[in-house]
Each structure stands twice: as C-alpha cells, then as structure tokens.
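Good morning, and thank you for making time for this item. Please look at the sequence and the structure as they come up, and I will then go through the packing of the chain.

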Amino acid sequence: MLNLVIFGAPGSGKGTQSERLIDKYGLHHISTGEVLREHISRGDELGKIADSYISKGQLIPDDLMIRVLENVLDSNPELTAKGVIFDGFPRTIDQAKALKEMLAKRDSKVHAVIGLEVAEDELMRRMIQRGAETGRADDNPETIKKRLKVYHTQTQPLRDYYIAEGKYHGIDGTGSVDDVHGKVVDSLTARLPEHV
Ligand code: B4P
C-alpha cells in the first residue's frame with residue numbers, strides 16, 4: 001500500500017500530477033476540490049455550503065471537510081486498498097492530524113508528501129489561463145488572490161509539519177508536465193524504493 005499526499009499552492013499542478021501518478025502506480029485518486037465541485041454541480045446541501053466558501057476563495061471548515069473525506073474513504077474500501085493519492089487534502093494542520101488518525105484506524109499512514117513548489121506569478125498565469133479555457137468560477141484574478149493569501153496563512157504551515165515528520169519531498173513544479181512528473185517519480189523511487 002502507498003498513500004501519497006500531493007501538496008502545493010492553488011495552481012501548482014496537484015490535479016495534473018495526480019492524474020499521471022494514478023496511471024503509473026494504480027492508486028485511487030481523491031481530489032477534495034473535485035468532490036466539492038461535484039456536489040456544487042448537483043446543487044445538494046453540501047454543494048451549497050461548499051459554493052459559499054469556494055466562491056470567496058476560502059477553505060471549507062475543517063470539521064465539515066474531515067467528515068466529507070472520511071465518507072469518501074468509507075464508501076470506497078475496495079478502491080482504496082492499494083493506496084490513495086490525496087490531492088488537496090490536508091490543507092490545514094487540523095486536517096493533517098485528522099488524516100493521520102483516519103489512516104491509523106485503517107492500520108495505515110501517509111508514506112510521503114509531494115510538495116509542488118511554483119512561484120506566485122506562474123501560479124497566477126496558470127489559473128487565469130484555466131479560468132479562460134474552462135470557465136471555472138474560482139479561477140478569476142480577485143478570487144485567486146484570496147486563495148493564495150489563504151494558502152500562505154492556513155496551508156503553507158503544513159510544509160513544516162510534514163518536514164518535521166520526515167515525509168516532505170519538495171519538487172520544483174515548473175517546467176513541462178512531463179518534466180515535473182519525472183522529478184516526482186525520481187524522488188519517490190529514491191526515497192520509497194520498497195513501494196514504487
Ligand atoms: P482544488 O480543486 O484543490 O484547486 P487548486 O488548488 O486550484 O488545484 P488544482 O489541482 O485544481 O490545479 P492544478 O494545480 O492541477 O480546490 C478548489 C477549492 O476547493 C479550494 O480553493 C477550497 O476552497 C476548496 N477545498 C478543496 N480542498 C479543501 C480542503 N481540504 N479543505 C478546505 N477546502 C478545500 O493545475 C492548475 C492549472 O495549471 C491547470 O490548468 C493545469 O493544466 C496547469 N498546469 C499544471 N501543471 C502545469 C505545468 N507543469 N506547466 C504549466 N501548466 C500547468
């Protein structure tokens with residue numbers, strides 16, 4: 001089993017690199033952003049709550065987000081058996097502690113955290129381009145600035161948390177998608193040879 005956390009600022013390539021890693025390692029992909037967007041498009045109760053935060057560039061409150069993730073894990077036991085790529089979760093220290101407990105209950109753990117490191121002007125450029133191409137509602141300059149601010153205050157401290165746990169693998173997230181994928185695989189192969 002291999003559980004990976006893909007960590008990084010909005011627009012750093014978490015979703016993009018996760019897709020490549022699923023293909024390579026046969027892991028189950030859980031993107032909390034995608035889960036929330038599915039609820040928003042269905043217009044259900046959770047979707048309405050999620051939309052009220054995402055449209056302002058804010059994080060969904062921890063207690064709700066943790067329950068959502070636990071539900072996803074519980075509803076897919078056979079899919080998660082080989083391991084999971086957690087994309088966009090955790091985003092706070094409390095979420096990281098909750099994830100540790102959830103996996104411990106299942107006799108497992110986070111094996112590695114891949115931190116995609118990209119400069120802010122490039123993050124902006126990518127998300128503005130995606131907003132123009134896909135119409136994604138939170139990819140507009142005003143909301144992007146708020147998301148980056150939230151990232152610096154609430155999410156970036158997790159980097160030190162995972163460094164202290166000896167699990168953080170920082171990767172330069174610039175260059176082509178293939179280049180970044182190559183760097184991620186090299187890092188995993190060097191540090192977790194028994195798993196990859
Ligand atoms: P997410 O869906 O996780 O959105 P994101 O941070 O923008 O990352 P994403 O994976 O989509 O983009 P990527 O970097 O791959 O979250 C959306 C919102 O949901 C959050 O703001 C928050 O409100 C809420 N939420 C989600 N999880 C939560 C949690 N745990 N707790 C509380 N709230 C939560 O790619 C960006 C763009 O860059 C793409 O267009 C891609 O094509 C491009 N790109 C990728 N790699 C590239 C490369 N190497 N070169 C050039 N372009 C590249």
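Let me begin with one residue: is Val72 buried or exposed? Val72 is buried, with a relative accessible area of 16%; buried means under 20% relative accessible area, exposed over 50%, and partly exposed in between, with a 1.4 Å probe and protein chains only.

A word on the basis of these values. This is a predicted model, in which local features need pLDDT of at least 70 and side-chain atom pairs count only at pLDDT 80 or more, while totals for chains, interfaces and linings use all residues. Residues are numbered from 1 along each chain as its sequence is written, and side-chain values use heavy atoms, with hydrogens and water left out.

Val72 sits in helix α4; helices (H or I, at least four residues) and strands (E, at least two) are DSSP runs, numbered from the N terminus. Setting aside residues up to four places away in sequence, Val72 touches Ile30 and Val35, where contact means heavy atoms within 4.5 Å. From Tyr25, 47 residues apart along the chain, Val72 is separated by 20 Å between C-alpha atoms.

I turn to the cores. A nonpolar core is a set of buried Ala, Val, Leu, Ile, Met, Phe, Trp, Tyr and Cys residues joined through side-chain atoms within 4.5 Å. The largest one has 38 residues, and Phe86, Leu99 and Tyr162 have the most contacts inside it. Helix α4, residues 62-75, gives the most to this core, with seven residues. Beyond its neighbours within four places in sequence, Leu99 is in contact with Val5, Leu69, Phe86, Phe89, Pro90, Val110 and Tyr162. A second, separate core of 17 residues includes Leu27, Ile85, Val180 and Leu188. In soluble globular proteins, nonpolar side chains tend to be buried together.

Two members of that second core, Val180 and Leu188, bring us to helix α9. This helix, residues 177-191, has 15 residues and reaches 21 Å from its first C-alpha to its last, close to the 21 Å expected at 1.5 Å a residue; the expected span is 1.5 Å times one less than the number of residues. Its buried residues are Val180, His181, Val184, Val185, Ser187 and Leu188. Seen down the axis of α9, they fall within an arc of 160°, so they line one face of the helix; the arc is that of the directions from the helix axis to the C-beta atoms. They pack against β1 (4-8), α1 (14-25), β4 (112-117) and β5 (168-172). On the other side of α9, Asp178, Asp186 and Ala190 are exposed.

Finally, the aromatic rings. Rings of Phe, Tyr and Trp (its six-membered ring) pair if their centres lie within 6.5 Å; planes under 30 degrees apart count as stacked, over 60 as edge-to-face and the rest as tilted. How many aromatic pairs does a search of the whole structure find? The search finds three. The rings of Phe7 and Tyr168 have centres 6.1 Å apart and planes at 80°, so this pair is edge-to-face. The pair links distant parts of the chain, with Phe7 in strand β1 and Tyr168 in strand β5, 161 residues apart. Phe7 is buried at a relative accessible area of 3%, and Tyr168 is buried at 12%. Tyr161 and Tyr162 also form an edge-to-face pair, at 5.1 Å centre to centre and 85° between the planes. Ring pairs link Phe7, Tyr151 and Tyr168 into a cluster.
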